[in-house]
Amino acid sequence: MVIPNSAVRLLDAAAEKFGSKTAVTDEYESFSFDRLRALSLSIGTALIDSASEGYMAEPVMVYLPKSGKCIASFMGAMYSGNPYVPIAYDMPANRIQKIADKLEGRGHIITDTDGMNVIKTMDIPDSIRIHIYDEITAHTAREDAVYKVLDKVIDTDPIYIMFTSGSTGEPKGVTVPHRGAVDYALWVKRTFGIDENTKLGNQAPFYFDNSIFDIYSMLLTGAEMNIIPEKLFMFPSKLPEFIRDNNITVIFWVPTVMINVANSGALTEIKMPSLKTVAFCGEVMPNTQLNIWRKNHPDAVYANLYGPTEISDVCTYYIVDRPYNDADPLPIGRACENMRIIILNEKNELAKTNEQGELCVIGTGVSLGYWNRPDLTEKAFIQNPANPYYEERIYRTGDLAYINDEGLIMYDGRMDNQVKVKGNRIELGEIECAAMAIDGVKGACAVFDAENERIVLFVESCHALMLRKFNNELKKYIPKYMLPGKLIVMDAFPHTANDKIDRVTLKKSLENID
């Protein structure tokens, strides 16, 4: 397939080929490919008609409840030649304000009446046009106007801007090109056999890059994307029922959700005969819970994917083809097609086999950088120091990794998650992995208490656990110098909006702990 100049061309092709077939189903309604295209064309036309500076100059913030309406709005933004900016519907107003400020008074917001009430409390400049979804979709579509603009787009133009939290608390807008998203969708199709008979069970919020897997493989192949009701994730034992009852064939979830499902015991009671592929990404997946999935549903393909937001979702993958002991590290595998991974050691040289270094990414999926932040872009997206011959841009992930004797990439934690205690360099993720191998542990998060120079281990468990006895078990897996100095047992961890463990909140809680 030739990469189109804009990913929304995939919707054109899907509507022509699949027409009335269901594209997206949410909690309330379904959208056929024809309907999705018609709504998107109306949105695109309205955005063009209200534009002040023309295509690509005006990002489109989509502030709606997670639904098929969001997908139509994303496509509408692309039909207008502009990138979309997904905004969580429950995002605090002050953070929405910060994102709007990053756009420097240019662009659009698509929302509903409830969202408009929130926006009215904010200081949004008049130069950012605000559109009510029901009104903008009633706008008369003019394909001639849309394609006049769309034909000017090139595949290296931005398709979306996804804001992540920066280390200073200021959101950073990762800007991804059309080429990266489409190339990734092609890889997903080839690797996992996605086609028009596939039913995708979407978990990832649309402001989280894992959603790119579902959205663009649906558009590329004619698959059906089922948006799982968000309330179900509060009751993990109900998720297998949803998969079974809706004949879901492929899921791409964060490990925390998979852990919760495994811990609920539902996998032993509920069979999911339709489920063919289980992919996961975003955190380290503990083997204890992965083995529960594999034991109860052995016929599915399990895939460990890796990729930061600064990549069009994923840059490495590993098909889990054998059992792993609870405390063994799970590979993140090999580079995806059109991607290359290099490991740079402390001397900025290519690391040798089994030598730890920073994981860096080269290829189609690398983003354009951070929206309106050339200073941050310059630091993270650099010339490959191992290539003196021509310009080759790489993204420095800040993740530690090494390549083992089998040529597999092994994730080894974050550079900012590595600490020194009494002269010993310690990777906190290794402690967490070991803790997950102990009976009764449902979750583990290790943090460094700098004030007291000790490691604090938070454990999610319904059992009372004592530090000395717990460390006696941990010593079976890790050296003595890595043992935590404080153990805190919780019924449940706090989680971020992406369903990852909220490490920031846990670390902040140390201020109130003796």
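**Salt bridges, a helix pair and two odd phi values**

Mentor: In this predicted model, Glu27 and Lys231 make a salt bridge, with 3.1 Å between the closest N and O atoms.

Trainee: Where do Glu27 and Lys231 sit in the chain?

Mentor: Both are in loops. Glu27 is in the one between strand 1 (22–25) and strand 2 (30–32), and Lys231 is in the one between strand 10 (224–227) and helix 10 (239–245). The pair links distant parts of the chain, 204 residues apart.

Trainee: Why does Glu27 count as partly exposed?

Mentor: Because its relative accessibility is 37%, and partly exposed covers what lies between the 20% and 50% cut-offs.

Trainee: OK, how many salt bridges does the structure hold?

Mentor: There are 17 salt bridges in the structure. Another one of them is Asp49 with Arg142, where the closest N and O atoms are 2.9 Å apart.

Trainee: And which parts of the chain does that pair link?

Mentor: Asp49 belongs to helix 2 (residues 33–50). Arg142 is in the loop between helix 6 (133–136) and helix 7 (143–150). That puts the two partners 93 residues apart.

Trainee: What's the accessibility of Asp49 and of Arg142?

Mentor: Asp49 has a relative accessible area of 39%, so it is partly exposed. Arg142 is partly exposed too, at 34%.

Trainee: Got one between two helices?

Mentor: Try Arg503 and Glu432, whose side chains meet in a salt bridge at 2.7 Å, N to O. Arg503 is in helix 17 (residues 503–508) and Glu432 in helix 15 (residues 428–435), so the bridge ties together parts 71 residues apart in sequence.

Trainee: Is Glu432 buried or exposed?

Mentor: Glu432 is buried, with a relative accessible area of 10%. Its partner Arg503 is partly exposed at 33%.

Trainee: Which residues do shared salt-bridge partners join into one network?

Mentor: Asp12, Arg37 and Glu143 are joined that way.

Trainee: Switching to packing. At what angle do helix 2 and helix 3 pack?

Mentor: At about 50°, with their axes 7 Å apart. Helix 3 covers residues 68–79.

Trainee: Why call that oblique?

Mentor: Roughly parallel needs an angle under 35 degrees, and roughly perpendicular starts at 65. About 50° fits neither, and therefore the two helices are oblique to each other.

Trainee: What's the handedness of the crossing of helix 2 and helix 3?

Mentor: Helix 2 and helix 3 cross in a right-handed way.

Trainee: Which residues make the contact?

Mentor: On helix 2 they include Leu36, Arg37, Leu39, Ile43, Gly44 and Leu47. On helix 3, Gly68, Ile71, Ala72, Met75, Gly76 and Tyr79 are among them. Arg37 turns up here and also in the salt-bridge network.

Trainee: How does that contact break down by class?

Mentor: It has eleven nonpolar, five polar and one charged residues.

Trainee: New topic, backbone. What is the phi of Asn247?

Mentor: Near 55°, a positive value in a residue other than glycine. Most residues other than glycine have a negative phi.

Trainee: Where is Asn247 found?

Mentor: In the loop between helix 10 and strand 11 (250–253). Asn247 is partly exposed, with a relative accessible area of 44%.

Trainee: And what about Asn354?

Mentor: Its phi is near 70°, again positive in a residue other than glycine. Asn354 is in the loop between strand 16 (339–344) and strand 17 (357–363). With a relative accessible area of 41%, Asn354 is partly exposed.

Note on methods
Residues are numbered from 1 along each chain as its sequence is written. This is a predicted model: local features need pLDDT of at least 70, side-chain atom pairs count only at pLDDT 80 or more; totals for chains, interfaces and linings use all residues. Side-chain values use heavy atoms; hydrogens and water are left out. A salt bridge is a side-chain nitrogen of Lys or Arg within 4 Å of a carboxyl oxygen of Asp or Glu. Helices (H or I, at least four residues) and strands (E, at least two) are DSSP runs, numbered from the N terminus. Buried means under 20% relative accessible area, exposed over 50%, partly exposed in between (1.4 Å probe, protein chains only). Axes are lines fitted to C-alpha atoms, for helices over the stretch in contact, and angles run from 0 to 180 degrees between N-to-C directions. Angles under 35 degrees count as roughly parallel, over 145 as roughly antiparallel, 65 to 115 as roughly perpendicular and the rest as oblique. A crossing is left-handed if the near helix is turned anticlockwise from the far one by less than a right angle, and right-handed if clockwise. Contact means heavy atoms within 4.5 Å. Ala, Val, Leu, Ile, Met, Phe, Trp, Tyr, Cys and Pro count as nonpolar, Asp, Glu, Lys and Arg as charged, and the others, Gly among them, as polar.
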